[in-house]
Structure formats: C-alpha cells, structure tokens
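Got your viewer open? Here's a short tour, stop by stop, of what to select and what you'll find there.

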Amino acid sequence: RDELIDSNIKGRNPFKDVRVRRAFYQAIDVDAIRARIMRNQATPTALMIGPGIAGFDPKLNVRPPFDPEGAKRLLADAGYPNGFELGMDCPNDRYVADEQICQAVVAMLAKVGVKVNLLAQTRLKFFAKALGPNYNTSFYLLGFTPASTYDAHAVFEQVMQTRDAKRHKGDFNLGGWTNKRFDDLADQIERETDRAKRAAMIDEAQRIHMQDIGHIPLHQQTLAWGVRPTVAEIKPRPWNDVDLRWVRMK
C-alpha cells in the first residue's frame, strides 16, 4: 500500500524502501530468540523453507549479521533518523511462543528507534484481521509449512508471489511484497520437469527474495513431544499432530 497503516508516518510507506526492510532484519537477534524464548528448540533460517523441502540449498541459508548499529544507519539513510511508529499483529495461540517472540521483536526494534504497538490476539481474530480481504496489517508474525508437497513451490505460490486472487497466488502474502522476475520464475517452476533446471530456478528465486528482503525469516520451530514409557514408537507428522495408525504400544 502507498501509506503504511497503524503508523505515525503519513503519505508514504517506509517498507517500500529496501533499506528499511533490511534495517528491521538486522535489528532482530534470532539467536537470542532461539536461546531465551525457544529454549534452543528452533533453528534460525535465512530461507523461507527448511531442510527436507525440495529446493532447500544450505549454501544460501546464511543470514545477514545481527547489527543494530547498522540498522540505525540504514534507517537514517532512508530518511528516518529517529525511527517511526507502527503496529504489529501477532497470534497468541498458533505457534510455539508466538506472543513472546513478538514481544522480543518489539523490544529489539525499540533499540534502533522503532516504536512497535503490538496487538496479540487469538488466531481466529489475528487471521480475520491480517488475512481478510483488505490484509489489514502493517507488520506481522506468520508461520507456514509446505507439508502437503514438501516442495519450495508451495511456499513461493502461497506466501511469496504477488497477490492474485483470480489465480490463487500469494494468498498468504500479507505484506504485499511483489517482484515480477520472482513471479515469472515461480510460474516456470510450477511447470518445469527437468530437475536441474528447476533447482537452478528455485535458487535464483530465493536469491531475489533474499536480496530484496521480501520477508524476514526467523526460524523453523522444533517439534517437541513428551511420550509415556508405554509407547514403543510414534511418528509425529511435520504439521505437529499424530496419526494413531503410526503409534505402537509396548
């Protein structure tokens, strides 16, 4: 959108400037979130997909360093030497420690001069606001898994491509990031059957997204289960539930 909602900045949208997006990225300490909030039950990531998903390339999975001083300089260069104010939407019952993660991000951004007004709600209220027809959010926390396909294209199509309701693209692209070359690659990836060509296109698409800071990836959360001694074998599924057919008792 041309004007950021829930913000004291009027007539423009700071997030349209890649320097602002990069500043937010560098202001967030994912290692602190992993250690203090996730109790080391998370893997920080630079990619929008994790290991085990077709298209994951460990060579690309390198985050820019945590650099709050660099973030301040980027904000100043973008015209916000004193930061600015905005809202943040967060579920409080959807992901592991979701509200605590958002609270930590609020505190980290405050250190670089950005005042974030956090609205943490149940997932029903969160998705009704942020995912509704108007995508009524400035800044948000979202999780996604391509568990039905185990393929990068599912994330590209649903979370990263330009929103296009007629083609059912970008339905979960809440921030409205858009890049034509990325969109073209995602459409080609959907049709390409040559594995080598397809892998190269996936890598190119991910580089575009990373360079443009289309999103700020945080981590893949670990599945943590407690199992009674009477259970001999259990196979939790990637989306964190269990099929009783895969449980064997002693």
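Is Glu69 buried, partly exposed or exposed? Select Glu69 and show the surface: Glu69 is partly exposed, with a relative accessible area of 45%. Bear in mind throughout that this is a predicted model.

**Stop 1: a pair within one helix**

Keep Glu69 selected and add Lys72. Their side chains meet in a salt bridge, at 3.4 Å from N to O. Now colour helix α3, residues 68-77: Glu69 and Lys72 both sit in it, 3 residues apart, so about one helical turn separates them. Lys72 is partly exposed too, with a relative accessible area of 35%.

**Stop 2: zoom out**

Switch to cartoon for the whole chain. You should find 8 helices and 6 strands. Walking from the N terminus, the order of elements is α-α-β-α-β-α-β-α-α-α-α-β-β-β. The radius of gyration is 19 Å, close to the 18 Å that the globule rule gives for 250 residues, so the protein is as compact as a globular protein of that length. If you draw a box along the principal axes, the C-alpha atoms fill roughly 65 × 45 × 35 Å.

Turn the surface on again. The protein exposes about 13,600 Å², and carbon and sulfur atoms supply 51% of that. Of the 250 residues, 44% count as buried. For those who like contact maps: among contacts with a separation of 6 or more, 64% are between residues 24 or more positions apart.

Next, colour by charge. There are 37 positive and 31 negative charges, and their mean positions lie 4 Å apart.

**Stop 3: a long-range link**

The structure holds 18 salt bridges. For one of them, select Arg21 and Asp212, whose closest N and O atoms are 3.1 Å apart. This pair ties together distant parts of the chain: Arg21 belongs to helix α1 (residues 18-27) and Asp212 to helix α8 (residues 195-212), with their positions 191 residues apart. How much of each can you see from outside? Arg21 counts as buried because its relative accessibility is 13%, under the 20% cut-off. Asp212, with a relative accessible area of 23%, is partly exposed.

**Stop 4: one partner in, one partner out**

Jump to Asp243 and Arg245. These side chains also form a salt bridge, at 2.5 Å from N to O. Which partner is buried? That would be Asp243, with a relative accessible area of 12%. Arg245, on the other hand, counts as exposed at 68% relative accessibility. While salt bridges are still on screen, select Glu157, Asp164, Arg167, Lys169, Asp187 and Glu190: salt bridges that share partners join these residues into one network.

**Stop 5: Lys169**

Stay with that network and centre the view on Lys169. Where is Lys169 placed? Look in the loop between α6 (152-160) and α7 (180-191). Lys169 counts as buried, at 4% relative accessibility. To see what surrounds Lys169, leave out its neighbours within four places in sequence and display its remaining contacts: Glu157, Gln161, Thr162, Arg163, Asp164, Asp187 and Glu190. Glu157, Asp164, Asp187 and Glu190 should look familiar, as they belong to the salt-bridge network along with Lys169.

That's the last stop.

Conventions: Residues are numbered from 1 along each chain as its sequence is written. This is a predicted model: local features need pLDDT of at least 70, side-chain atom pairs count only at pLDDT 80 or more; totals for chains, interfaces and linings use all residues. Side-chain values use heavy atoms; hydrogens and water are left out. A salt bridge is a side-chain nitrogen of Lys or Arg within 4 Å of a carboxyl oxygen of Asp or Glu. Helices (H or I, at least four residues) and strands (E, at least two) are DSSP runs, numbered from the N terminus. Buried means under 20% relative accessible area, exposed over 50%, partly exposed in between (1.4 Å probe, protein chains only). The radius of gyration is taken over C-alpha atoms; the globule rule is 2.2 Å times the number of residues to the power 0.38. Contact means heavy atoms within 4.5 Å. Accessible areas come from the Shrake-Rupley method with a 1.4 Å probe; for residues, only the protein chains shown count as cover. Lys and Arg count as positive and Asp and Glu as negative; His and the chain ends are not counted. The place of a charge is taken as NZ of Lys, CZ of Arg, CG of Asp or CD of Glu.
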